[in-house]
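Colleague: I'm new to this one. Can you walk me through it and tell me what the terms rest on?

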Amino acid sequence: MKIFCIGRNYAAHAKEMNSAVPDKPMVFMKPSTALLKPGAEFYYPDFATNIHYECEVVLKICKNGRHIQRQFASNYFQEISLGLDLTERSIQKQCKDKGHPWEIAKSWDHSAPIGKFVSKEEFTSMDSITFELEQNGKTVQSGNTRDLIFDFETLIVYISKLFTLQNGDLIYTGTPEGVGPINKNDNLIAKLGGTEVLNLNIK
Ligand code: ZN
């Protein structure tokens, strides 16, 4: 199982990071060991000092495919959820400054908490899904998939040209603005279309 993540897929988030908006999807990966399943607690790792949350809509790939054509792309996922692309922001900055790969900032164990999946049939359209993240009861991120720079179908077409998509793979589709630090004893709740799908305690 592979985890794909998309960087800078909401213009307002690219702006808050002082990053340019990309002209094609910016893809990176996390290993399967990055996944933190629903209900598990998150233990703040020793190496980290500045972990940020990034709340993202996640697609679960439901069949194998490569070179997927746009008109078939929506057949490759049936369920969606929210996940957190946890990022050690200080290490990421060092990686960016040196032009180094950023796996050590983004792809460590349990850097990808995932929520419960729901059928996409529950939503009238993939282009107007609202989602939000609450930190200790306060809303810190709120997004709408209409603001995606590259929509779900575009991501599936692009990724499948380079990597075979396999049943069970996940695509974290990018975070809206409002990223910020997590701290020990935080409670994070992510809501998809108003429904809680992820509830994470930081230990
Ligand atoms: Zn992200």
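Modeller: Here is a short run through the metal site, the burial, the cavity and the strands.

Modeller: This is a predicted model, where local features need pLDDT of at least 70, side-chain atom pairs count only at pLDDT 80 or more, and totals for chains, interfaces and linings use all residues. Residues are numbered from 1 along each chain as its sequence is written, and side-chain values use heavy atoms, with hydrogens and water left out.

Colleague: What makes E54, E56 and D85 the residues that coordinate the zinc ion?

Modeller: A donor is an N, O or S atom within 2.8 Å of the metal (3.2 Å for Na, K and Ca). E54 (OE), E56 (OE) and D85 (OD) sit at 2.0 to 2.1 Å, so they count as donors. Water is not among the atoms, so the site may look incomplete. Along the sequence, the spacing reads E-x1-E-x28-D.

Colleague: Why is E54 called buried?

Modeller: Buried means under 20% relative accessible area, exposed over 50%, and partly exposed in between (1.4 Å probe, protein chains only). E54 has 4%, so it counts as buried. E56 is buried too, because its value is 0%.

Colleague: How many cavities of 30 Å³ or more does a search of the whole structure find?

Modeller: One. A cavity is a set of points on a 1 Å grid over the protein atoms alone where a 1.4 Å probe fits but cannot get out. Grid points are joined across faces, edges and corners, and the volume is the space filled by probe spheres set on the points. That gives about 110 Å³ for the largest cavity. Lining residues have an atom within 4 Å of a point; there are 17 of them, with G7, R8, H13, Q92 and W102 closest to the centre. Helix 3 gives the largest share of the lining, three residues.

Colleague: How do you know that strand 5 and strand 6 pair?

Modeller: Strands are DSSP runs (E, at least two residues), helices likewise (H or I, at least four), numbered from the N terminus. Two strands pair if DSSP finds at least two bridges between them. Strand 5 (residues 55-61) and strand 6 have seven, in the antiparallel sense, so they pair. One of the partnerships is K60 with E79 in strand 6.

Colleague: And which strand pairs with strand 6 over two bridges?

Modeller: Strand 9 (residues 118-119), again antiparallel, with I80 partnered by V118. Strand 6 itself (residues 77-84) is mostly covered, with six of its eight residues buried.

Technical notes. 1 Å grid on protein atoms, 1.4 Å probe; cavity = no way out; pocket = protein on both sides within 12 Å on 5 of 7 lines; lining within 4 Å.
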